[in-house]
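Got your viewer open and a selection box ready? Let's walk through this one stop by stop.

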Amino acid sequence: MTDILRIRDLKVEFVLPHMRVKAVENVSFRIGAQETVALVGESGSGKTTISQAIMGLLPKSAQITGGSIIFADPKKPGTRVDIAMLDRSGSEMRAIRGGRISMIFQEPMSSLSPLHTIGDQICEAVRLHRKVGSSEARELAREMLALVGFPNPKRSLKTYPFELSGGLRQRAMIAMAMVCHPALLVADEPTTALDVTIQAQTLRLIKDVQAELQMSVLLITHDLGVVANMADRMVVVYDGRVVESGRTEDVFINAGHPYTRSLLAAVPHFDMGPNERLRPLRDIKPKIDGLLAYCDDKKTAVTATMDEGEVPAALALHPTMASEPVLAVRHLNKSFSVRKGNWFNSEEQAIPAVADVSLTVNRGECVGLVGESGCGKTTLSKLIMRAMAPDSGSILFRGESGQMTELVGLDEDQLNPYRKRIQFVFQDPFASLNPRMTVQDIITEPLLIHGIGDATYRKKMVLELMEVVGLDPRFLNRYPHSFSGGERQRIGIARALSLKPDLLIFDEPTSALDVSVQAQILNLLKDLQRDLKLTYLFISHNLAVVDYIADRIAVMCAGRIVESAPREQLFRNPIHPYTQALLNAVPFADLEHLLDFTKIVDGKASDPHRWPAPFTIDAQSDPRMVQFAEDHFVRAARADSQEIAI
Amino acid sequence: MLTFLARRLFVMIPTLFFISVLVFVIIQLPPGDFLSTYLNELQAQGEAVDPAKIAFLKQQYGLDQPIWLQYIDWAWGLLHGDLGFSFEYNLPVTEVVGDRLWLSMVLNLSTVVFIYIVSFPIGIYSATRQYSWGDYGFTLLGFLGLAMPNFLFALILLYYANVVFGTSIGGLMDPEFINQGWSFAKAMSVAEHLWAPVLVIGTSGTASMIRRLRANLLDELGKQYVVTAHAKGLSPTRVLFKYPLRMALNPFIADIGNILPQVVSGSVLVSVVMSLPTTGPMLLTALQSQDMYLAGSFLMFLALLTVIGMFVSDLLLAWLDPRIRLQGGVSQ
């Protein structure tokens, strides 16, 4: 079997006004016919540059300074084209690009033009590379949409991308790339932006189409779970060089290069022992003393003097109520209204974002909240922060006095004392720090706002916080732009810690970070929680991450919590169909637990109408949470059991 | 789409109503009216004025009536195409304005067309060849056009046309056609004279339009869907015209509504300098002498241009951009 693509000693340089930067150096690998090769590396490793070189899509400032990219088209046996030598926008390269090698991109939201219909954009690709008329092109596009699983391909031709969901857009993108039956598909992080169930469906689709059209796939990804499930061979790149390549099994079982080994060790997986730690490339050793440690003493003092009788009756149902709840959310509801119709008779349609959510977080505990995008988990966190007001329900929070206080209905002034007790760490480390403030200003701002301490106290606090998150205190006068994503996230954590909060809410704190940095941050959070007795509410879509950090996990779907259980129990014995679908869809970086693609059902597992009884939620039945085992609750209709708050 | 159109048209009615009220109030704001100004002038010249005559004139022109009645009279007239009576010229406004309205329209429309025709290719060139010599050159010219006052440019042009070519480029037609009926020769003469004022008035608009198109297009060129289009194997020109350019058009079209009144009011000074028979200079004198119906008609004309311009740009936007067409009714 001949190779479709052979890259030898590829060198790419970026020519900047004052310097040349080597992005890719002496990269060599090959892709066989009908083979899937994964190009693995962290951000900045040069993997995207390699894919751009193959597609002839390098930016203007990039130059191929050496090596070759030999493309042997199986349709024209015997011919070999060196893509590295072709004019990037010449007709020969254009015939290959999109016709024989096509590409799908990471962002399904932005990679299709919003002004043109799906049909228009697919037909354009067809007519560009095949000599067909417009009606024939439409027919081919329709066939392709049917192949990638569009429910109504004929009508979908006339839809605009913004009318489709993220998963369907990525399918449309795949259809567009496949419609000319290319010999090689370059997939640049094709599922990174998708939810885990949609990711599994998309991966299955790529596999199916690959078999159907007999093509090769170059999969560019940082997700070793995807690699384990998709790739025949893998190529690991680091800093523009290939550090290891080989059959996926060989690399996974017996990684030769230390970088590959550390990458594999940094991925959280489900069968980790209770005390097993991730091993990031660079570990942080937080140093804790002085001010923050004092805050810890105070908390234990409060706990000791607490009266058992003050736990509200509604909470006493919870079996682990022996420990002290910091936050108790009860039957919380929030809906957004959407205006439909025309100017004269508009009707308000209420869309529930959070429906009947009950959740308890105990002192010193980490509760994980898992759900796909749009399930309402961020809205829930905003409600808890009282950044918005709920429609109904109650939020009880234990303030400084040690009493549970109802936060719903308090006005801005009354809320102020609680604002400093709950702190938030955001998803995007780049957007959440003001670029015009120094690190010192960023970390002390909460203290200034709440008027805590004097200048010496603040100075001491900042220095200590920097030590705690493992940053050099000499960096205090720098601005956020001089830090990497992981370091910025640590600054965000330091800012959140500065007020010594009772509850820290993390909204996807590691989803924008590379795996090794993610491991670093997760370990830091674990250490801080242990040493400072912190209480976390950890929101994430990544089950493995939540599994690693959380003690108890609540699964959220369509605004409701559908299952909640201690960590081990949820993964060992998931009861709710949605939890099962989620668990079935997670690609493990483990060759012994490959995805069972036959179990992945198309269509949304997150549609409450389609869940089987007794889990169905529709107009007729609106089940409540019922207890299945100790501390294990599921939203299901069961006549014999009464509703129990979690 | 039909409901959108109907709604959009319906909204224009109250808008125009409020504008007309506003225009009328603003004209009435300075103390006195045309008659008192006229009287002062006569008295200053030492002429005796018969109070009975004044009262008669006041009644004749309806100036003794309460302001809201005056407004209703005026607005009712407007609806029937009766623009009122100019005190200063002692003629109906329609006759005073005469060809000026049409000439202004022709001049301003040609200016808008000029702005679009010139700025479009230059903007595209500048964006696609960012930081090239050509881009820098056009940028320099653009800043010159923006920085130089229009009337100064008009003066320079007038001077050099006279000194170098020995021709006068003032006015909108050869002198022999002024106050003549419309003929083919007169139209040709207008066409011959049009280029100079169009160039003068259009320069700054063109310059700012180039800057805007360049910035918009640069933003769009970096977008992911452009890379997708390239990845399909489309030729660079087709990619440019089908995808990013189409997206960059939005602010361009949204500008139509703004550009019309801008051009009209911006051309007043130029019209004075180049002695163009357009509405601008006449509006100025009408406002000075409190010739209320004449000034009101001009202001309403400007307002109408703005509202129509906005309507046209809204229609074009909805037609061009499916996101506006299909998502317009949904809001949070």
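Which residue stands opposite I505(A) in strand 18 of chain A? Select the pair and you'll see that the partner is L537(A). Keep in mind throughout that you're looking at a predicted model.

**Stop 1: the sheet in chain A**

Now widen the selection to the strands around that pair. Strand 17 of chain A (residues 503-507) and strand 18 of chain A (residues 536-540) run in the parallel sense, paired over 4 bridges. Zoom out to find the open sheet of chain A, built from 8 strands in the order 16-17-18-13-19-20-22-21, with mixed pairing. Colour strand 16 (422-425) and strand 21 (625-629) of chain A: these are the edges, and each has a single partner strand, so one side of each has no neighbour in the sheet. Tilt the view a bit and look for the twist: on average, neighbouring strands in this sheet are turned by 20° against each other, direction ignored.

Next, add helix 17 of chain A (residues 485-497), which packs on the sheet and touches strand 16 and strand 17 of chain A. The direction of helix 17 makes about 175° with that of strand 16 of chain A.

**Stop 2: where the chains touch**

Show both chains and select the contact residues: 25 from chain B against 31 from chain A. On the chain B side, the elements giving two or more residues are helix 1 (2-28), helix 10 (224-231), helix 12 (244-254) and helix 16 (322-327). Helix 10 of chain B supplies the largest share, 6 residues. Colour the chain B side by residue class and you get 10 nonpolar, 9 polar and 6 charged.

**Stop 3: a helix pair in chain B**

Stay on helix 12 of chain B and bring in helix 9 of chain B (residues 184-221). The two pack at an angle of about 140°, with their axes 9 Å apart. That angle makes helix 9 of chain B oblique to helix 12 of chain B, and the crossing is right-handed. For sticks, try the contact residues, among them R212(B), L213(B) and E220(B) from helix 9 and M247(B), A248(B) and F252(B) from helix 12. By class, this contact has 9 nonpolar, 1 polar and 2 charged residues.

**Stop 4: annotated spans in chain B**

Last selection: the unreviewed UniProt entry places "transmembrane region" at residues 9-29, 101-124, 136-161, 194-213, 252-273 and 293-317 of chain B. Residues 101-124 of chain B are 100% helix, with end C-alpha atoms 34 Å apart. For residues 136-161 of chain B, the figures are 92% helix and 29 Å.

Notes: Residues are numbered from 1 along each chain as its sequence is written. Chains are lettered from A and ligands numbered from 1 in the order in which they are written. This is a predicted model: local features need pLDDT of at least 70, side-chain atom pairs count only at pLDDT 80 or more; totals for chains, interfaces and linings use all residues. Two residues are in contact if their C-beta atoms, placed from the backbone, lie within 7 Å. Ala, Val, Leu, Ile, Met, Phe, Trp, Tyr, Cys and Pro count as nonpolar, Asp, Glu, Lys and Arg as charged, and the others, Gly among them, as polar. UniProt positions are given in the numbering used here, feature names are shortened, and annotations may be inferred rather than shown by experiment. Two strands pair if DSSP finds at least two bridges between them. Axes are lines fitted to C-alpha atoms, for helices over the stretch in contact, and angles run from 0 to 180 degrees between N-to-C directions. Angles under 35 degrees count as roughly parallel, over 145 as roughly antiparallel, 65 to 115 as roughly perpendicular and the rest as oblique. A crossing is left-handed if the near helix is turned anticlockwise from the far one by less than a right angle, and right-handed if clockwise.
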